[in-house]
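Student: Please take one part of this model and go through it closely. Then place it against the rest of the chain.

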Amino acid sequence: MQSSTIRELFLDYFRSKEHLIMPSFPLIPQNDPTLLLVGAGMAPLKPFFTGEKKPPHPRLATCQKCVRTPDIDRVGLTGRHATFFEMLGNFSFGDYFKEEAIAWAWDLVLNGYRLPVERLWVSIYEEDEEAFNIWHRNIGVPSDRIVRLGKEDNFWEIGLGPCGPCSEIYIDLGEEAGCGSADCAVGCDCDRYLEIWNLVFTQFSRQVDGSLVELAQKNIDTGAGLERMAMALQGVSTIYETDMVRPLYKHFKNLADSARQNQEVPLRIITEHSRGTTFLIADGVIPSNEGRGYVLRRLLRRAVRYGRLLGIEGSFLTDAVTMVVDKMGDAYPELKERHDYIRQIVGLEERKFQETLAQGTEILEGFIEEIIKSEKKTLPGEKAFKLYDTYGFPLDLTAEILEEKGLSVDRDAFDSNLKVQQERARAAANANYGTGGDGKYKAAENLSTTFTGYDTLEQDSELLLILNNGKTINDAKTGEVAEFILDQTPFYAEAGGQIGDTGYLESENGKVRVKNTIFAPTGQIIHQGNVEEGKISTGEKITASVDVWRRDGICRSHTSTHLLHRALRNRLGDHVNQAGSLVAPDRLRFDFNHFAALNSDDLKFVEEEVNKMVLANVAVDVEETSIDKAREKGATALFADKYDENVRMVSAGDYTIELCGGTHVSATGKIGLFKIIAEEGIGSGLRRIEAITGMTSYRQTVERDDLIAAIAASLNTSEGRIKEKVEEYIAEHKQLHKQNQELKQTMAGFEVSTLITAVKEINGAKMLSAQVEADNPESLRIIMDKVKENLNSILVVLGAVSDGKVILVGSASPDLVKRGLQANKIIKQVAARVGGGGGGKPELAQAGGKDPTALPEALSAVEDMVREMLKA
């Protein structure tokens, strides 16, 4: 029975039992901070079990995709452990209970899946007499086929609250799948007795005193692993032999080096992890160094590493994505929808880690040699940390490689080094923000400032405090620089990427030019500036005036970032999240999660969509509301930010809704023209877009018009014919280049005639080693090819000097390669003699060097190298 049929049969069966069939939930838990990833069928339904939400139906059934990593180290070692799996489940919320759950499970196993009853076993919790009676008296399972297991195996609970006994159905895969022990039975950790269905009877509540109280509403939570059910129904002993997984396994086996194709564990690991990575990325997880992103990165990097051990080269996991999509895309349409995106992320992460792996493995192997020589068993934590901090080599991978050699890593010392680094980084951040231990703003800690800048840009206020280098002063005079704190202010302090306001503070006696506005560590708004006129004193009445033109520019930029965020999500997908920003009066910068550069079509789409919203002149509304109501309305929140119960929600019609404390235009039309000026990568999985708005965008348009006019004048054509004229020049350039190449070929022919006379024969093999005139590797290869045209069987090594550096090329005809003459090995030795390096293939190689004076001697040594190779 195929896996797709197993899935359909399960859901159809429970549909007939009046269950509502729901699609799989995403692997990223929704509104559940206690879970990193969905690892069980019931996990997304937790609000229904706890009573937090009312289920759409008292009976539900799902086929839920799951990722669970506690057993990651056992993947490959057994035939049944996996990080990714599909969990078939039926659930009851205060409706049916044990009798129906047991009866239906047994009915489906026997009459639906038609598993042989003589191979089936049942386990129950040792004290659950009710379950025993149902299985034995009602269902008719012999008592010697019902195994009682203890609390550790057959009682589900997580701390206080709902809990209950479990009952499981097992299938005996036969002695050949077992451990061979005389005590092997249900509950053994070997592969013989395979659990195919787990029924959890949530009937108690664990109290603080440890007692159990019967629940008024009892629930059913069952889980049948689809892959394990497929093992049972397809008569195989591992998940890697099932129809969903076997094609992947065979694919990787064919890619492996022929001498390593029987290395079972690495093949299993690559196969299993390729499924999990595909599904995680499809659901919006991207590789990172923390949280669920780290789970994904670990799966990817383990697969890459084990692929290397099998001799698999290149980005081999990328093609596996397509195989997973082809096999499972019908059941999970999101795989087909995001196919290209998944391949892109896997490919980028794979290539990046292959570089890290090569470098890190080489260094780690050196450390291992040192440990073995010193007859020790543990890698010092500081060395493991160096691998992690300097080379990006994960601690888990270091530990795994060491374990394979019977060694370990000092994790405590590693953690200590990591803690020191984090504290150092924290101290640096504090210093940057003026929050060090010097108590610079200690005098302000009991003061408070009310911000009024959402509603007004001019505010009458009282000057509460003046600070000069952290010291309290009573007044500041003309020319003096100081920091000023008011009881209320319209000045926006730098926060959330929006830069601080500038403007003026004026009293009857003086005037301050405010050059920046920031927050003190304890929340007061600090106006930083210098006194331009007179004297200003504590206690005076002050008029605080924000620079209106500058603030308007900031508002244009800030609202533009919200429109840009939504346009990027519409184009690239909902995985796009803001990772940082700069909101300034003349420009904006927006950092976001994405794994590839945006092409010109992407940028045009995003820019056009934002400008359409600008032209629509949609009202920008601000609403103070609760965090729950904001989420209900679909407001976007920054993932890393923490929010109070009451939040500020900024919306531009139905197009974008975000939680934001910044300042904005009243309508999108006030943004003017939005123009993207740059897009670049700023880190792994991070992109940055820079844009301009308003008059800055207009001025750039004028400058471009002037530039186009200047280019047209220099080309002696009209602006409308610039493209045509440039294409004419390019065609002319190509023709000249072609003529130049033909001339080089002709000159090479003359030189070759001389070179052929220098060909030597050693043990029946012709060889030529010479220095020639060439200004680049391409010219050198032309000469080499001309030599080969005249002599079919020959080894050629040519060298030249260009711009003070050595260029080398080498070639060996196939018959000489068979005799042991390899161009890459020879060229590598020659390059070493001229202070360089290089490589290639046995038939063709290229190198360079830094010492032109050593070239003649290096080329003359080729003859001896040939003699040695032919001897071998």
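Tutor: What follows starts with one strand and its partners, then moves to a sheet, the cores, some single residues and the whole chain.

First, the ground rules. This is a predicted model, in which local features need pLDDT of at least 70 and side-chain atom pairs count only at pLDDT 80 or more, while totals for chains, interfaces and linings use all residues. Residues are numbered from 1 along each chain as its sequence is written, and side-chain values use heavy atoms, with hydrogens and water left out.

The part to look at is strand β31, residues 795-802. Strands here are DSSP runs of E with at least two residues; helices are runs of H or I with at least four, and both are numbered from the N terminus. Seven of the eight residues in β31 are buried. Buried stands for under 20% relative accessible area, exposed for over 50%, and partly exposed for values in between, with a 1.4 Å probe and protein chains only.

β31 has a parallel partner in β30, residues 765-771, with five bridges between them. Two strands pair if DSSP finds at least two bridges between them. In this pairing, G799 of β31 is the bridge partner of Q771. To get from β30 to β31, the chain passes through helix α21, residues 777-790, and this β-α-β crossover is right-handed. That label applies when, with the strands pointing away from the viewer, the path from the first strand over the helix to the second runs clockwise.

Now follow the chain onward. β31 also pairs with β32, residues 805-812, this time antiparallel and over eight bridges. L798 stands opposite V809 of β32. The hairpin of β31 and β32 has two residues between the strands, and D803 there takes a positive phi near 55°. Strands of a sheet pair through backbone hydrogen bonds, in either the parallel or the antiparallel sense.

For another arrangement, turn to the open sheet of four strands. Its order is β22-β23-β28-β27, with antiparallel pairing. β22 (578-583) and β27 (675-683) are at the edges with a single partner strand each, so one side of each lacks a neighbour in the sheet. From one strand to the next, the twist averages 15°. Such angles run from 0 to 180 degrees between N-to-C directions, and axes are lines fitted to C-alpha atoms, for helices over the stretch in contact.

At the β27 edge, seven antiparallel bridges link β27 to β28, residues 686-692. Here A678 stands opposite E690 of β28. Helix α17, residues 600-616, packs on the sheet; it touches β27 and β28, and its direction makes about 125° with that of β27. Contact is heavy atoms within 4.5 Å. Helix α19, residues 694-714, also lies across β27 and β28, at about 100° to β27.

Next, the nonpolar cores. A core is a set of buried Ala, Val, Leu, Ile, Met, Phe, Trp, Tyr and Cys residues joined through side-chain atoms within 4.5 Å. The largest one has 114 residues, and W135, W197 and M229 are among those with the most contacts inside it. Helix α12, residues 339-373, supplies the largest share, 10 residues. A second, separate core counts 29 residues, including L816, L821, A823 and A858.

Some single residues are also worth a look. V622 is found in strand β24, residues 620-626. With a relative accessible area of 42%, V622 is partly exposed. V622 touches R648, M649 and V650, leaving aside residues up to four places away in sequence. V622 and R648 are 26 residues apart along the chain, and their C-alpha atoms are separated by 6.8 Å.

D73 sits in the loop between β2 (59-67) and β3 (84-93). D73 touches R298, R302 and E400, again leaving aside residues up to four places away in sequence.

Positive phi turns up in loops too. E18, in the loop between α1 (3-16) and β1 (20-22), has a phi of about 65° although it is not a glycine. N469 lies in the loop between β13 (458-468) and β14 (471-473), and its phi is near 55°. At 71% relative accessibility, N469 counts as exposed.

Last, the whole chain. The protein has 25 helices and 34 strands. Of its 872 residues, 49% count as buried. The C-alpha trace spans about 100 × 100 × 65 Å along its principal axes. Among contacts between residues at least 6 apart in sequence, 67% join residues at least 24 apart.
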